[in-house]
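Here is a short report on two ligand shells and one helix pair. Have the sequence and the model open as you read.

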Amino acid sequence: MKGIFVTFEGPEGAGKTTQIKQVFQYLTDQGFRCLMVREPGGTEIGNRIRQILLDPELSEMEWKTEVLLYASSRAQLVREVIKPHLHQGFVVLCDRYIDSSLAYQGYGAEKSVSEVWKINEWATDGLTPDRTYLLDLPVELGQKRVLNRNAKKDRMELKEKMFHDRVRLGFREIACKENSRYCVIRADQPGEQVFADIIDDLMKWISFRK
Ligand SMILES: Nc1ncnc2c1ncn2[C@@H]1O[C@H](COP(=O)(O)OP(=O)(O)OP(=O)(O)O)[C@@H](O)[C@H]1O
Ligand SMILES: Cc1cn([C@H]2C[C@H](O)[C@@H](COP(=O)(O)O)O2)c(=O)[nH]c1=O
């Protein structure tokens with residue numbers, strides 16, 4: 001595939017959405033054809049699945065239902081949007097991908113990470129990101145930022161603090177294991193510094209790849 005697939009991962013409120021928008025603008029100004037997507041969602045079907053997944057009234061969701069719904073939204077996004085754009089040479093910037101399922105439905109939920117992986121590998125035909133940025137910060141700081149952003153918590157934000165602590169550690173473990181794909185960024189810095197760190201790595205990585 002000709003394009004570049006870049007994902008952004010991290011706990012709640014790490015600044016992924018804020019950074020993706022800025023990276024999108026920067027790369028577009030540099031002449032790259034760029035696309036921004038987010039998970040769950042990014043397609044009509046995916047957006048409906050997102051509503052179910054994040055509905056705070058649906059707190060009793062079965063683990064397997066949750067895993068499959070995230071994977072279903074992802075399958076749709078990969079086939080309908082991501083792969084066609086990669087084939088056309090776009091840089092696709094994705095706000096969360098499979099590693100979020102590993103971190104939340106695996107580490108966070110204390111369930112089998114390898115089962116979550118197998119389902120997602122099947123759902124995406126094994127499409128792996130070229131580069132991943134982990135925006136890492138203490139859970140409390142991210143939660144504080146999210147509280148300032150929106151008063152009402154969604155179904156995942158409502159989970160206990162220990163769940164989110166395991167998610168953070170999960171991301172860090174995945175980044176360690178996949179260290180050639182991952183770049184870990186300190187997300188507790190001012191936004192301009194976070195952006196500078198990402199762009200510094202991404203531009204070096206792109207020129208090295210050519
Ligand atoms: N470096 C930063 N310092 C302080 N506040 C920030 C920083 N980056 C983002 N924010 C603010 O924190 C809030 C969450 O940011 P953002 O929505 O980008 O995070 P996110 O990682 O996409 O969150 P979520 O995973 O919950 O969707 C926003 O109000 C944003 O303006
Ligand atoms: C892709 C994905 C996401 N999640 C969780 C993480 C967040 O709590 C929400 C998505 O909301 P955001 O504000 O857009 O970050 O869903 C998950 O548990 N598993 C996944 O695969």
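Residue classes come first: Ala, Val, Leu, Ile, Met, Phe, Trp, Tyr, Cys and Pro count as nonpolar, Asp, Glu, Lys and Arg as charged, and the others, Gly among them, as polar. By these classes, the shell around ligand 2 holds four nonpolar, three polar and four charged residues. The model is a predicted one.

**Ligand 2.** Its shell consists of Glu12, Arg38, Glu39, Pro40, Tyr70, Arg96, Ser100, Ser101, Tyr104, Gln105 and Met156. Helix α4 provides the largest share, four residues.

**Ligand 1.** There are 15 residues around ligand 1. Gly15, Lys16, Thr17, Thr18 and Arg145 come nearest. Three helices, α1 (16-29), α6 (139-149) and α8 (191-209), supply at least two residues each. Helix α6 gives the most, with four.

**Helices α4 and α5.** Two packed helices are described by the angle between their axes and the distance between the axes. Helix α4 spans residues 98-108 and helix α5 spans residues 113-123. Their axes come within 9 Å and cross at roughly 145°. The crossing of α4 past α5 is right-handed. On the α4 side, Ile98, Ser101, Leu102, Gln105, Gly106 and Tyr107 make the contact. On the α5 side, Val113, Val116, Trp117 and Asn120 do so. Ser101 and Gln105 of α4 belong to this contact, and Ser101 and Gln105 are also among the residues around ligand 2.

The table sets out the classes for each group.

| Group | Nonpolar | Polar | Charged |
|---|---|---|---|
| Shell around ligand 1 | four residues | seven residues | four residues |
| Shell around ligand 2 | four residues | three residues | four residues |
| Contact of α4 with α5 | six residues | four residues | no residues |

Definitions and conventions. Residues numbered from 1 in each chain as written. Chains lettered and ligands numbered in written order. Predicted model: local features only at pLDDT ≥ 70, side-chain atom pairs only at ≥ 80, totals over all residues. Axes fitted to C-alpha atoms, helices over the stretch in contact; angles between N-to-C directions. Left-handed = near helix turned anticlockwise from the far one by under 90°. Contact = placed C-beta atoms within 7 Å. Near = placed C-beta within 6 Å.
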